[in-house]
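This report walks through a surface patch, a helix pair, some charged pairs and an enclosed helix. Please keep the sequence and the 3D view open while reading.

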Amino acid sequence: MFTVGSCTVLYNPNESVLTNLNSYSNCVDVSVVVDNSDTKNEISQSLKNDPNFIYIDMDGNKGIAAALNKGIEYLNSKNIDFALTMDQDSLFPTKYYQDIMKLVNKYKTDYSVIGLNFNQENGGLDEIIEVPYWITSGNFVNISDFMSVGGFMNELVIDYVDFELGYKFKKNGFKICYLKNFSLKHTIGNPIEIHLFGKTYYAMNHSPIRYYYRYRNAYYLYHFVDRQFFKKEYYKEMIVNTLKMLIYEKNQKVKFSMIRKGIQDAKCKKMGKFN
């Protein structure tokens with residue numbers, strides 16, 4: 001059998017984070033929490049003092065990429081086989097853990113990342129969907145393969161870290177899939193529903209700083225890494241998401257200013273944390 005350790009990134013956690021952590025911490029061999037908070041609150045302190053968790057302090061917000069790298073590096077040092085990467089606001093479907101693990105065991109030699117679906121119903125046929133990349137939360141990541149491709153790109157900080165990892169896996173001949181019928185409860189920002197022509201769409205309604213990272217990283221990856229692999233997401237970001245932001249969201253001027261700043265920095269290859 002193989003071993004699994006969870007790696008959860010914290011950022012100013014609240015009480016609900018403890019509920020989410022407890023939905024999977026007792027199922028895995030090791031539970032690592034990596035704290036990106038600038039100021040540690042009482043939840044951070046309680047996890048630091050909890051013997052059931054390995055607490056790693058990043059000494060401020062270094063970005064999700066660096067935090068996940070640090071946590072997975074720790075699991076690798078303990079000879080753990082798979083890392084279950086989780087966002088602090090994701091609730092694991094604990095009831096189905098054994099069913100999920102049987103599928104991870106079944107597909108682990110064929111796929112370097114076996115993810116979970118999100119915000120769907122749980123239970124059903126054994127069905128996997130092969131994808132070029134997947135969200136960072138709810139992934140069973142083969143640690144050996146992860147380390148061999150160099151892990152997440154720290155300089156991206158937050159957005160597009162999952163896309164860039166998918167690119168590196170594909171480049172090295174590794175594959176990614178997710179389990180269609182097993183799903184996380186996962187919070188994704190503060191989206192605005194758009195009802196148009198009988199269909200529902202979403203404007204992501206990110207904060208200005210998130211728009212900075214999204215557009216900077218999308219531009220950088222498309223223009224300086226691989227135009228073919230990142231083409232779809234690049235044009236979706238630059239055209240579709242820009243229009244939705246300008247039409248449906250508030251604070252458009254501030255957000256658009258940060259988008260321009262992100263693209264400008266990407267052109268100069270100025271990466272890392274926004275100053």
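In which helix does Phe256 lie? Phe256 lies in helix α9, which covers residues 252-267. Note that this is a predicted model.

**The nonpolar patch**

Phe256 is partly exposed, because its relative accessibility is 35% and the partly exposed class runs between 20% and 50%. Phe256 also belongs to a nonpolar patch on the surface. Other members are Leu196, Phe197, Tyr201, Tyr235, Ile239, Val240, Leu243, Leu246, Ile247 and Tyr248. Together the patch residues have about 1,100 Å² of accessible area. Which helix gives the largest share of the patch? Helix α8, residues 227-248, supplies that share with 7 residues.

**How α8 meets α9**

Helices α8 and α9 pack against each other with their axes 10 Å apart. The angle between them is about 155 degrees. Angles over 145 degrees count as roughly antiparallel, so α8 and α9 fall in that class. On the α8 side, the contact is made by Met238, Thr242, Met245 and Leu246. On the α9 side, Gln252, Lys255, Phe256, Ile259 and Ile263 take part. Leu246 and Phe256 thus appear in the helix contact and in the surface patch.

**Salt bridges**

Side chains of opposite charge can pair when their charged atoms come close. How many salt bridges does a search of the whole structure find? The search finds 9. Three of them are set out here.

| Pair | N to O distance | Location |
|---|---|---|
| Asp57 and Lys40 | 3.2 Å | Asp57 in β3; Lys40 in the loop between β2 and α2 |
| Arg214 and Asp159 | 3.3 Å | Arg214 in α7; Asp159 in the loop between α5 and α6 |
| Lys168 and Glu164 | 3.3 Å | both in α6 |

Take Asp57 and Lys40, a salt bridge with its closest N and O atoms 3.2 Å apart. Strand β3 spans residues 54-57, and the loop holding Lys40 runs between β2 (30-35) and α2 (42-48), so the pair ties together parts that are 17 residues apart in sequence. Asp57 is partly exposed, at a relative accessible area of 32%. Lys40 is partly exposed too, at 22% relative accessibility.

Next come Arg214 and Asp159, whose side chains meet in a salt bridge. This pair links distant parts of the chain, 55 residues apart. Are Arg214 and Asp159 buried or exposed? Arg214 counts as buried because its relative accessibility, 15%, is under the 20% limit. Asp159 counts as buried as well, at 4%.

Lys168 and Glu164 form a salt bridge within α6. They sit 4 residues apart, about one turn of the helix. Lys168 and Glu164 are both buried. Elsewhere, salt bridges that share partners join Asp159, Arg210, Arg214 and Glu237 into one network.

**The enclosed helix α6**

Why does α6 count as largely enclosed? Because 9 of its 11 residues are buried, α6 is largely enclosed by the rest of the structure. The buried residues are Val161, Asp162, Phe163, Glu164, Leu165, Gly166, Tyr167, Lys168 and Phe169. What covers them includes α3 (64-77), β6 (113-118), α5, β9 (176-186), α7 and α8. Just after α6, Gly173 takes a positive phi of about 80 degrees.

Notes. Residues numbered from 1 in each chain as written. Predicted model: local features only at pLDDT ≥ 70, side-chain atom pairs only at ≥ 80, totals over all residues. Heavy atoms only, no water. Patch = residues over 30% accessible without salt bridge, like charges linked within 9 Å, V, L, I, M, F, W, Y side chains within 5 Å. Areas by Shrake-Rupley, 256 points an atom, 1.4 Å probe, with all protein chains shown as cover. Salt bridge = Lys/Arg side-chain N within 4 Å of Asp/Glu carboxyl O. Helix = DSSP H or I, 4+ residues; strand = E, 2+ residues; numbered from the N terminus. Buried < 20%, exposed > 50% of the residue type's maximum accessible area, 1.4 Å probe, protein only. Axes fitted to C-alpha atoms, helices over the stretch in contact; angles between N-to-C directions. Parallel < 35°, antiparallel > 145°, perpendicular 65-115°, else oblique. Contact = heavy atoms within 4.5 Å.
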